Structure formats: structure tokens, C-alpha cells
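Trainee: Could we go through this one together, a helix to begin with and the wider picture afterwards?

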Protein chains: 2
Amino acid sequence: MIDRSALGAFDMPSRFRRVRGALARQGVAGLIVTDPPSVRWLTGFTGSNGLLFVDAESAILITDGRYGDQAPQELAAAGVDAEVRVTNAPVDELTSLVCGREVAVEADHLTWAEHRSYATAFGTAPVAFDTALVALRAVKDGGELDRVRAAAAITDAALAEVVGTLAASTEREVALALDHLVRTFGASGNAYETIVASGPNAALPHARPTDRRLGRGDLVIIDVGSLYDGYRSDMTRTFVIGEASEEHQRWLDVVLDAQRAGVAAARPGVATRDVDAACREVIAAAGWADAFNHGAGHGVGLDIHERPRVSSRTDDVLEAGMLVTVEPGVYFAGSGGVRWEDLHLVTATGLEALTHSPKDPLA
Amino acid sequence: MIDRSALGAFDMPSRFRRVRGALARQGVAGLIVTDPPSVRWLTGFTGSNGLLFVDAESAILITDGRYGDQAPQELAAAGVDAEVRVTNAPVDELTSLVCGREVAVEADHLTWAEHRSYATAFGTAPVAFDTALVALRAVKDGGELDRVRAAAAITDAALAEVVGTLAASTEREVALALDHLVRTFGASGNAYETIVASGPNAALPHARPTDRRLGRGDLVIIDVGSLYDGYRSDMTRTFVIGEASEEHQRWLDVVLDAQRAGVAAARPGVATRDVDAACREVIAAAGWADAFNHGAGHGVGLDIHERPRVSSRTDDVLEAGMLVTVEPGVYFAGSGGVRWEDLHLVTATGLEALTHSPKDPLA
């Protein structure tokens with residue numbers, strides 16, 4: 001259902017420019033990139049073991065023998081001008097590249113043990129890179145948006161197929177059907193572990209599917225996303241099996257109002273904590289402040305949780321080209337819960353939803 | 001196909017005894033466990049955000065509001081006597097637990113940034129734990145073995161179902177069918193991303209499935225495992241579509257001999273580098289030393305790559321109760337490759353295979 005040939009290219013030169021600009025601002029000679037999604041973002045390399053060294057002139061990917069053929073192929077396909085070095089001694093290789101200069105590392109990804117071994121090998125301890133690569137990754141290019149849109153469209157199509165089967169199924173059966181459908185429709189996998197949480201299980205925001213059979217009157221939270229060419233989508237719908245009780249209908253309505261309030265508050269220049277607060281106020285006004293026990297959203301891209309965070313505990317600010325979920329929820333232990341979540345592109349004037357599944361909760 | 005009620009219990013008290021023994025030997029007051037599989041190993045908690053503080057008397061799991069209900073349920077189900085604290089300020093909570101004492105951390109898992117924030121908050125930098133928790137996890141208890149055996153049996157059953165369909169399928173279709181079958185048979189998912197690599201793609205040890213259709217004369221490497229109640233299995237078979245060329249048959253035979261040599265060399269007390277060497281010698285004798293470009297195996301458990309490593313670059317030694325793969329392979333760029341892999345339990349006298357799919361390469 002996705003036309004691969006219509007997907008735009010990634011703007012790789014702009015990514016290296018942003019990284020080298022940050023290096024120059026900080027006054028360090030080079031950067032060692034260790035977080036696999038960031039290595040992929042800069043090079044197109046998808047292997048599990050790769051270190052990227054970047055300085056003002058060059059970029060060198062260090063990997064092991066398993067990727068000796070794959071790595072050069074992927075870099076060439078991405079149009080990235082970087083050398084590949086295959087070795088079983090990556091720290092020795094890095095030491096010769098660093099060559100006594102002051103270099104930076106990703107302090108949030110490098111382990112403490114790795115930092116100690118780099119410091120010993122290099123002779124000088126690497127410093128923390130001032131700029132989080134996830135922050136540079138927050139504003140997406142056209143190639144990235146095409147892939148996230150594809151992931152979202154695949155998920156919409158898969159969910160549409162299972163809605164009619166909910167009443168006869170277990171949580172695990174619904175999850176299995178969804179996961180099979182997203183791959184049948186062209187995804188390489190799920191963006192994260194699919195949540196199908198019914199009845200009392202819906203009170204656990206991160207429940208795993210069980211063998212519980214969906215029964216009349218149950219609320220059912222389905223949180224599902226696809227992985228398409230490395231990029232992810234994220235969406236949650238809440239369904240009712242049969243007819244909603246008055247109490248459940250009120251949960252559904254209030255959380256939907258909260259989501260609308262969050263979306264209405266969002267546009268470039270707005271602090272994400274204000275988007276979080278807009279959602280939270282609606283739920284608090286209903287008397288359920290404590291039942292909304294997670295942040296209101298997050299960025300999405302190569303990782304399922306990226307910048308910006310949408311939370312009361314962040315200073316992140318929205319910019320055009322970012323992707324954010326808005327996903328308020330309420331959870332009542334032993335009883336159930338509701339969550340509505342859509343993935344949006346931040347445009348010049350507000351949010352454009354990329355997930356389009358209907359919000360008709362009657363399954 | 002798996003009888004859940006027949007699965008043995010985990011020996012949780014023994015795990016805490018081993019950790020507290022290591023704490024006492026090192027002379028530190030407590031340990032902060034941050035690697036999610038190790039947190040799960042000690043507590044049964046399966047959430048994505050949990051820190052475990054262990055000292056001589058107590059164990060406290062620190063998590064966030066999403067897991068406020070799930071965490072106590074999971075700890076009670078595992079029979080673990082640990083307190084759960086829900087907070088958005090985990091470092092503050094840790095600081096009060098540490099209370100000025102010298103504590104250890106997992107240097108291979110804690111990020112450098114986390115180590116710095118702990119050092120600042122605690123007033124004293126935490127030290128590296130001398131004992132890798134993955135080393136303590138290497139010898140499995142009966143409950144763990146039951147689950148790995150279940151994962152292996154599910155994978156055997158799934159592979160048996162697809163063998164007859166290979167000739168008419170693409171790599172992606174075969175992978176999709178396998179992944180659906182393992183979940184239909186009771187797995188919660190794959191142990192890792194399934195590899196189906198045919199023809200020239202089989203020259204990439206970690207190839208991802210493509211839309212390439214399996215054709216006559218192709219070698220097809222299928223590397224597949226299941227996830228069952230948190231535990232993983234791992235197995236690789238190589239198939240031939242139609243009849244093997246003389247060259248391909250020789251690759252298949254030599255790598256099988258190499259695997260048998262590795263298995264024959266393994267028993268408690270043997271250094272894993274000698275198992276690796278036993279595999280490598282057979283392949284080198286055929287003149288293809290450079291074509292075997294990865295280690296000969298690894299432990300498996302809650303993670304797909306655990307202790308012991310089976311490699312020329314480790315000092316790990318086999319002990320009864322460990323699980324290890326033996327998986328030699330040869331890879332010829334542009335042409336193809338062969339890998340045979342089985343997962344084994346180290347018994348008192350040698351290795352017992354847990355994966356049982358036939359090694360008849362003719363699909």
C-alpha cells in the first residue's frame with residue numbers, strides 16, 4: 001500500500017552541517033557518536049554495532065566483521081561520504097583518530113565504563129557534547145516525514161481491519177492480528193510492543209496483552225504503531241464493547257476534550273509544558289488529576305520516544321517540523337482507563353494529525 | 001502448545017543471596033541496579049523504567065506512575081520481598097537510600113551522565129560493581145530452563161510449518177510467517193529480528209529480510225528465536241532451494257563439521273575460547289578462515305546475548321547450568337553463506353541441545 005519510489009530522500013548534508021556547527025560552537029575537535037539511532041541518522045547504517053567519529057573534515061564509521069559488507073552498501077545508498085573501518089578493537093581505532101585532540105561524547109548514551117576506557121586510551125577524558133543529537137533530530141526533513149506518514153497510514157489500515165473482530169477476541173489475539181497486519185501492509189515491524197488492555201487491565205498505562213477475552217461493557221485501550229524504513233508512528237484509541245456505561249462515557253468524553261485542548265494549545269514557540277498543562281487542566285476540572293499519571297506526549301522518529309518531551313518537567317519548545325504525540329489518559333486501579341493519542345506534525349500555525357483512525361469508541 | 005502450569009518457579013532468594021554475597025566481598029554498602037533485564041531477574045518487574053536499590057537488609061524498586069499498580073503486582077507474583085516507591089525524582093529517592101554510604105553501580109549499563117548526576121547528588125561518586133550481574137545470571141535455575149526450552153520448542157514447531165513453503169516465497173514472507181507462527185504457538189514475540197537471507201544476501205551475517213524471492217539453487221539462512229515469559233531461544237538453519245551445487249554442499253558440510261567440533265569440545269571447566277577455536281580450526285582447514293567473521297557463540301537468557309561469550313577474545317569458562325549457542329558460519333561476499341546454530345545447556349558432561357529442528361538443508 002506504500003509506494004516506496006515516492007518516498008523523498010533524506011537531507012544527509014544538512015545533518016552533518018548541524019553536527020559540525022555544534023562542534024565548532026563548543027570548540028571541540030571531534031565527536032564520537034554511539035547511540036545507534038543517531039549513527040543511523042547521520043550515515044544510514046542500520047547495524048547494531050557502529051561508532052561514528054566526526055570531525056571538521058571527515059567521518060569514519062567503525063564496526064565489526066559482521067557488517068563489513070553491509071556498512072559500505074548502506075552508506076553509499078544514503079549518499080554519505082564516510083569511510084568504514086572494520087575492527088575488533090574499536091577503542092584502538094578511535095584513539096588513533098582522536099590523536100590527542102579534545103573530543104566530545106554523548107554523555108546520555110556512553111556508559112560510564114566506556115567513558116573510563118576512552119579516557120585511559122586517549123590520554124585525556126572526552127568531554128560531554130553540549131548538544132544532544134536527539135535535539136538536532138527533532139525537526140524532521142521531507143524524507144523522514146514521508147516515512148512517518150507511511151507508518152501512520154499502515155497503522156490506520158491495520159486498526160480498521162480489526163475493529164469488527166474485537167468483541168469475539170482475547171487481548172493477545174487482537175495484538176497478534178494487528179502486528180501481522182502492519183507487516184502485511186508493508187511495515188518492517190511494530191514501532192513498539194502493541195498494547196491491547198481491556199477492562200481492569202486498561203488501568204495499567206503500559207499493560208501487556210493477556211488471554212483475557214473482551215467482554216460486554218469493557219473499555220479497551222489499543223496503542224499501536226508501525227516501523228517503516230526505520231521510522232515510527234504512534235497512536236492510541238479506546239473502544240467500548242457493546243454500550244458504554246455513563247461513567248465510562250464520561251471518561252471517554254473528558255479525555256477527548258483534554259486531547260483537543262492540548263492540540264489547540266500547540267504551535268511553534270509554545271513550551272511543551274503548556275501543552276501538557278492544557279490537557280491536565282481539563283482532566284483536573286473533572287476531579288481526576290491523579291488519574292492522569294504520565295506526560296502528555298513526546299516526539300517520534302527513529303526512536304519511539306524522542307525530543308520534544310511534552311511534560312511539566314521539561315523546557316522543550318515546539319518548532320515547525322517537529323513531530324509530537326498528544327496523549328492524555330485516565331487510569332482507575334481495578335476499574336479501567338481511557339487514552340486518546342494522535343501523532344502530529346508541528347506546522348507554521350499549529351498541529352496537523354498524521355494518524356487518522358476514527359474516534360468512534362463503539363466496537 | 002506450552003503448559004504454563006508446568007513451568008517451574010524462579011529461585012529468587014538465591015539471586016539476592018548471590019548479589020549480597022558479592023556486595024559483602026567488595027565491601028560496599030549497596031548496589032544500584034539499572035539494566036532492565038537485571039532488574040527483572042531480581043524482582044520480576046517487567047516495566048521499562050525501574051531502578052533497584054539493594055543493600056544487606058532491604059531491596060527497593062523505584063519506578064514512575066505508569067507502573068504504580070503493575071510493579072507491586074509483579075513483585076508479589078515473583079514472591080519478592082521488596083518495597084516499591086513511585087516517584088518522578090528517582091535520584092532524590094536514591095540519595096536518601098544511599099544516605100552517604102559507599103555504593104556500587106553497573107559501570108557497563110549506567111550512562112556517564114547518570115554517573116555524574118549520582119556523584120553530585122550523593123556527595124560521593126558511586127564505584128563500579130566488581131561483579132557483572134550478567135555473570136551472576138549465566139547459570140540458570142529450573143524455572144529459567146523451562147522457559148528457554150518452551151521458547152526453543154515453539155521455534156522448532158514454527159520452522160517445521162514453513163519449510164515446505166520456502167521455494168514459493170520471498171524472504172519477507174517467510175519471516176512474516178515465522179513470526180506469526182511463534183506467537184500463534186504461544187510466544188510473546190521474537191527473541192530478536194528474524195533473519196531470512198537468500199542467495200547473495202546470505203553473505204551478510206545480519207541481513208534483514210527483503211522482497212527477494214527464493215530461487216532454485218539458493219542457499220537460505222534462517223535465524224529465528226522466540227520470546228517466552230521473558231526468556232529467549234536462538235537457532236539457525238541453512239536450506240537449499242532445489243539441489244545444492246557441489247560448492248554449496250561443501251560449505252554446508254564443513255560448517256556442520258565445525259559445529260560438531262565446537263560441541264564436542266564443550267563441557268564444564270573448558271574455556272569458551274577453546275570451543276571457538278575448535279570450530280575455527282575446521283573452517284580454517286578448508287581454507288576459509290577469513291569467511292568465519294564472527295564469534296562462535298554466546299549465552300542466552302533474558303537477553304539474546306548474555307554471558308558466556310564464546311570467542312577468542314574472552315576469558316569466560318563453561319559451567320554446568322549455563323546456556324550457550326554454537327554457531328559457526330562462512331560468508332562469501334556476492335555469493336552466499338552458511339550458518340548452523342543450536343542452543344545448548346551445559347550439563348555435567350557436555351552439551352545438551354535445546355533446539356531440535358532437523359538439519360536437512362533440502363527445502
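Mentor: Gladly, and let's start on the outside of a helix. The face of α1(B) that is turned away from its buried side carries exposed residues, where exposed means 12 or fewer other C-beta atoms within 10 Å of the residue's own, buried means 20 or more, partly exposed lies in between, and C-beta atoms are placed from the backbone. This is a predicted model, where local features need pLDDT of at least 70, side-chain atom pairs count only at pLDDT 80 or more, and totals for chains, interfaces and linings use all residues. Residues are numbered from 1 along each chain as its sequence is written, while chains are lettered from A and ligands numbered from 1 in the order in which they are written.

Trainee: Which exposed residues does that face of α1(B) carry?

Mentor: Look opposite the buried side of α1(B). There you find P13(B), S14(B), R17(B), G21(B), A24(B) and R25(B).

Trainee: And which residues of α1(B) are buried?

Mentor: Helices here are DSSP runs of H or I with at least four residues, strands are E runs of at least two, and both are numbered from the N terminus. Helix α1 of chain B spans residues 12-26. Its buried residues are M12(B), V19(B) and L23(B).

Trainee: Why do they lie on the same side of α1(B)?

Mentor: An α-helix has 3.6 residues a turn, so residues three or four places apart point the same way. The arc is taken from the directions from the helix axis to the C-beta atoms. The buried residues of α1(B) sit on the same side because they cover an arc of only 45 degrees.

Trainee: What do the buried residues of α1(B) pack against?

Mentor: Contact means that the C-beta atoms of two residues, placed from the backbone, lie within 7 Å. The partners all belong to chain B: β1 (30-33), α2 (36-43), β2 (50-55), α3 (70-78) and α6 (133-136).

Trainee: Which elements of chain B give two or more residues to the side that touches chain A?

Mentor: The contact takes 27 residues from chain B and 27 residues from chain A. On the chain B side, the elements are α5 (112-122) and α8 (171-184).

Trainee: How many helices and strands are there in chain A?

Mentor: Confidence first: chain A has a mean pLDDT of 96, pLDDT being the predictor's confidence in each residue, from 0 to 100. Of the 363 residues of chain A, 52% count as buried. Its tally is ten helices and 19 strands.

Conventions. The expected span of a helix is 1.5 Å times one less than its number of residues.
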